[in-house]
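Hi there,

Here is the structure I promised to pass on to you. Have a look at it first, and my notes follow underneath.

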Amino acid sequence: MTSSEYPPMQAPVCPLPYNDYETIVMAHGSGGALSLDLIKKVFLPCFSNPALLAGNDFAEVPGFVHGRVVVSTDAHIVSPLFFPGGDIGRLSVSGTVNDLAVSGGIPLCLTASFVLEEGLKISTLEKIVKSMADTSLEAGVPIIAGDTKVVERGKADGIFISTSGVAVIGARRAIVGSNAQPGDAVIVSGTLGDHGLAVLTARGELGLSADIRSDVAPLNNLIRKVTEFTDQIHVMRDPTRGGVATTLNEIAQQSHVGITLFEDQIPVHPAVRSACELLGFDPLYVANEGKVIIILPANLAHEVLSILQHEPYGQNARLIGQVQADSPGTVHLKTSIGGTRVLSMLSGELLPRIC
Amino acid sequence: MRYQDEFRDAELVRKLAARIQETAQHPWVIMEVCGGQTHSIMQHGIDQLLPETIELVHGPGCPVCVTPLELIDKALAIAALPNVVFCSFGDMLRVPGSSTDLLKLRSQGAQVKIVYSPLDAVRIAQENPHLQVVFFAIGFETTAPVNASAVLYAQKLGLQNFSLLVSQVTVPAAMHAILGSPHNRVQGFLAAGHVCTIMGYHQYHAISQKYHVPIVVTGFEPLDILQGIFLAAAQLERGSSLVENAYPRLVSEQGNIPAQKMIDAVFEPCDRNWRGIGMIPASGLKLREEYEFFNAENRFDVSSISTRESDICISGLILQGLRKPPQCAAYGTLCTPQHPLGATMVSSEGTCAAYYRYTSKEG
């Protein structure tokens with residue numbers, strides 16, 4: 001045998017580290033070269049800002065902060081990761097921005113922690129990170145620090161994202177849940193139940209196709225319009241899990257007041273209403289991710305309503321109820337046919353009804 | 001929304017309520033049979049629009065509520081087995097058995113799935129040939145046709161890994177049991193519109209004649225329910241006991257005959273226990289012998305399970321209209337939607353849950 005019959009030698013014999021993976025592998029969480037690679041290729045191109053690029057174990061909150069500061073944190077899990085109207089990335093930014101904004105403060109920055117499941121496609125992660133960046137840009141709130149961990153396949157549902165954030169409220173006090181006053185008006189910034197139903201139908205388990213889009217959106221700019229107009233807002237809260245009914249119950253209890261809603265004033269998208277009827281859900285208990293409840297003196301209600309209705313995320317804002325001293329801790333609904341019923345808190349999991 | 005808003009028209013509701021007020025000069029006790037109607041009455045506050053002369057009592061028409069504890073324990077035993085996917089309608093998941101419930105089992109690793117149709121369970125069986133898929137087939141005549149069709153479809157597919165845990169019950173038998181009881185207070189019935197959509201209402205003539213009660217086939221929207229009450233009250237005032245149809249947009253005298261044939265092909269009548277009420281002869285459906293292969297009670301060894309109902313819970317009296325939830329010592333204290341003692345507190349269609357959700361907890 002001549003030397004020309006041997007195949008060319010493919011040295012070196014040891015396998016070289018391979019860093020062009022299409023999916024997340026455990027090594028992406030090792031803290032080593034692959035972790036760095038993931039940060040450089042996926043996160044930094046999207047989240048480019050000086051605090052993050054500095055590459056420290058901490059990030060400096062941008063600008064000088066005068067006055068009171070509030071913080072908030074939220075873990076985000078959703079199945080499916082992408083649904084009509086949004087995805088887990090947009091959700092994770094909006095969730096914390098909104099929690100901060102309802103304090104009446106100006107959100108300054110966010111941090112994000114990712115738990116990635118081994119096997120998650122890098123292209124999926126890229127789409128999610130891009131969506132976070134877009135939402136962060138829309139809100140005007142940069143993501144200035146982050147962390148990534150990887151867990152074995154089967155130990156997470158693709159990706160979990162936890163975000164935290166800081167907002168400055170300055171010299172005022174934060175708007176809290178215990179300040180609703182008898183006589184106040186209750187405003188909601190738009191249609192109810194869109195997010196919950198969008199996610200549920202996107203799972204494809206219901207055999208139901210409906211044109212329902214999640215309302216997930218950062219509301220800080222909308223809220224800022226209102227807080228710039230008046231400093232008389234008594235309570236502000238985003239009605240996420242448990243829906244408006246549960247959120248208002250919390251407020252009624254914290255403020256020791258009664259709240260009455262008027263069924264025929266409550267905005268619900270027709271497709272959401274139909275789907276809820278079919279599935280046995282009540283839109284008042286279904287999650288929202290782009291809505292805010294504002295409770296304020298009744299004489300300001302119409303102007304605030306008008307401000308909201310001129311904003312893209314507030315077009316369907318309505319005055320849906322009022323606060324009274326009677327029946328403290330309880331929320332009532334005046335039904336459209338003239339009856340009254342108690343709206344209790346959501347108890348347990350939202351389960352569909354038979355028949 | 002079409003076919004809904006028209007039947008929630010506030011002005012028409014007010015007019016109809018006024019007519020009921022004029023008509024009902026004497027005190028009358030009327031039972032709505034169906035849990036869906038109870039739910040609607042509470043959701044819209046329809047009872048508040050009625051004159052004092054009309055007392056509504058809430059009947060045993062919630063399939064979740066009347067499923068006996070013993071069968072729930074059997075369901076839990078099957079669901080806890082490895083290699084079983086246990087499929088159920090959503091509101092059955094929270095119903096407590098003797099020691100646990102399906103939601104808790106799920107958290108401990110059991111494969112419990114919420115489905116909207118038994119055909120989804122058939123599909124799961126098709127996709128997972130190595131797993132046993134069991135569907136908890138509860139319900140009245142409304143769910144019976146689709147449950148029957150699931151069996152027929154599974155048979156057609158030759159599925160060896162699909163079975164039903166059957167707790168089908170029938171409305172007329174329950175009406176007989178209520179009216180035949182020496183404690184009966186019910187003077188008129190709103191028959192369940194959706195059950196009648198399937199079964200028609202021809203079988204109610206015999207009941208109305210035997211017990212001299214008016215029976216009005218009634219729908220679920222506020223105007224439907226008020227119309228049913230109005231017709232029942234008018235009959236009671238003039239001393240008649242006829243079967244009337246106040247839900248003609250869906251219900252015919254003979255009902256949905258192809259659906260009835262499908263029920264008949266797969267199921268046959270049997271005696272059944274009703275939670276809190278006890279055994280009612282010929283009040284249920286079981287799989288016919290030729291479909292016994294699909295009977296989960298045979299496929300899994302659960303015959304040794306036998307359970308007594310709770311001593312404190314008065315759900316049986318409530319289901320028969322003999323008590324109202326606030327008359328129960330445990331209501332709102334020991335028994336709440338978070339910690340239900342009996343199934344009437346568990347299901348959103350259950351009388352106690354409907355009371356708890358929609359009226360002041362002090363009763």
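Which strands of chain B does helix α2 lie across? Helix α2(B), residues 35-44, lies across β1, β2, β7 (188-192) and β8 (215-218) of chain B, and runs at about 115° to β1(B). Before you read on, please keep in mind that this is a predicted model.

**The sheet in chain B**

The strands under that helix belong to an open sheet of five strands in chain B, with the order β2-β1-β7-β8-β9 and parallel pairing. Its edges are β2(B), residues 54-61, and β9(B), residues 243-245; each has a single partner strand, so one side of each is left without a neighbour in the sheet. On average, neighbouring strands of this sheet are turned by 25° against each other, direction ignored.

If you want a place to start looking, take β1(B), residues 28-34. Strand β1(B) pairs with β2(B) in the parallel sense, over six bridges. One position to click on is B:Trp28, whose bridge partner in β2(B) is B:Ile54.

**Two helices of chain B**

Helix α11(B) covers residues 222-238. Its 17 residues should span 24 Å at 1.5 Å a residue, and because the end C-alpha atoms are indeed 24 Å apart, the model agrees with that expectation. Is α11(B) mostly covered or mostly open? Mostly covered: 14 of the 17 residues are buried. After α11(B) comes B:Gly239, with a positive phi near 75°.

The other helix is α6(B), residues 118-127, which contains B:Asp120. This aspartate is buried and yet has no salt bridge. The nearest side chain of opposite charge belongs to B:Arg123, 4.2 Å away, while a salt bridge needs a nitrogen-oxygen distance within 4 Å. Leaving aside residues up to four places away in sequence, B:Asp120 touches A:Glu205 and B:Val115.

**Salt bridges**

Over all chains, the structure holds 23 salt bridges. Here are some that I looked at.

B:Arg288 takes part in a salt bridge with B:Asp264, where the closest N and O atoms are 3.9 Å apart. This pair links distant parts of the chain: B:Asp264 sits in helix α12(B), residues 257-266, and B:Arg288 in the loop between β11 (278-287) and α13 (296-299) of chain B, 24 residues apart. B:Arg288 also meets B:Glu268 in a salt bridge, at 3.8 Å from N to O. B:Glu268 lies in strand β10(B), residues 267-274, and B:Arg288 in the loop between β11 and α13 of chain B, so this pair ties together parts that are 20 residues apart in sequence. As for exposure, B:Arg288 counts as partly exposed at 22% relative accessibility, and B:Glu268 is partly exposed at 25%.

In chain A, A:Lys41 and A:Asp37 form a salt bridge, with 3.3 Å between the closest N and O atoms. How many residues apart are A:Lys41 and A:Asp37 in helix α1(A)? They are four residues apart in that helix, which runs from 33 to 46, so about one helical turn separates them. An α-helix has 3.6 residues a turn, so residues three or four places apart point the same way. The two partners fall into separate exposure classes: A:Lys41 is partly exposed, with a relative accessible area of 47%, whereas A:Asp37 counts as buried at 17%.

Chain A also holds a network of salt bridges that links A:Asp194, A:Asp215 and A:Lys291.

**A hairpin and the overall picture of chain A**

Further along chain A, strands β12(A), residues 331-334, and β13(A), residues 340-343, run antiparallel and are joined by four bridges. A:Val331 has A:Leu343 as its bridge partner in β13(A). The two strands form a hairpin with five residues between them, and A:Gly338 in the turn has a positive phi of about 105°.

As a whole, chain A has nine helices and 13 strands. Its C-alpha atoms fill a box of roughly 100 × 55 × 30 Å along the principal axes. Of its 355 residues, 52% count as buried. Among contacts in chain A between residues at least 6 apart in sequence, 85% join residues at least 24 apart.

Happy browsing, and do write back with any thoughts.

Best wishes

Technical notes:
Residues numbered from 1 in each chain as written. Chains lettered and ligands numbered in written order. Predicted model: local features only at pLDDT ≥ 70, side-chain atom pairs only at ≥ 80, totals over all residues. Heavy atoms only, no water. Pairing = 2+ DSSP bridges. Axes fitted to C-alpha atoms, helices over the stretch in contact; angles between N-to-C directions. Contact = heavy atoms within 4.5 Å. Expected span 1.5 Å × (residues − 1). Buried < 20%, exposed > 50% of the residue type's maximum accessible area, 1.4 Å probe, protein only. Lys, Arg positive; Asp, Glu negative; His and termini not counted.
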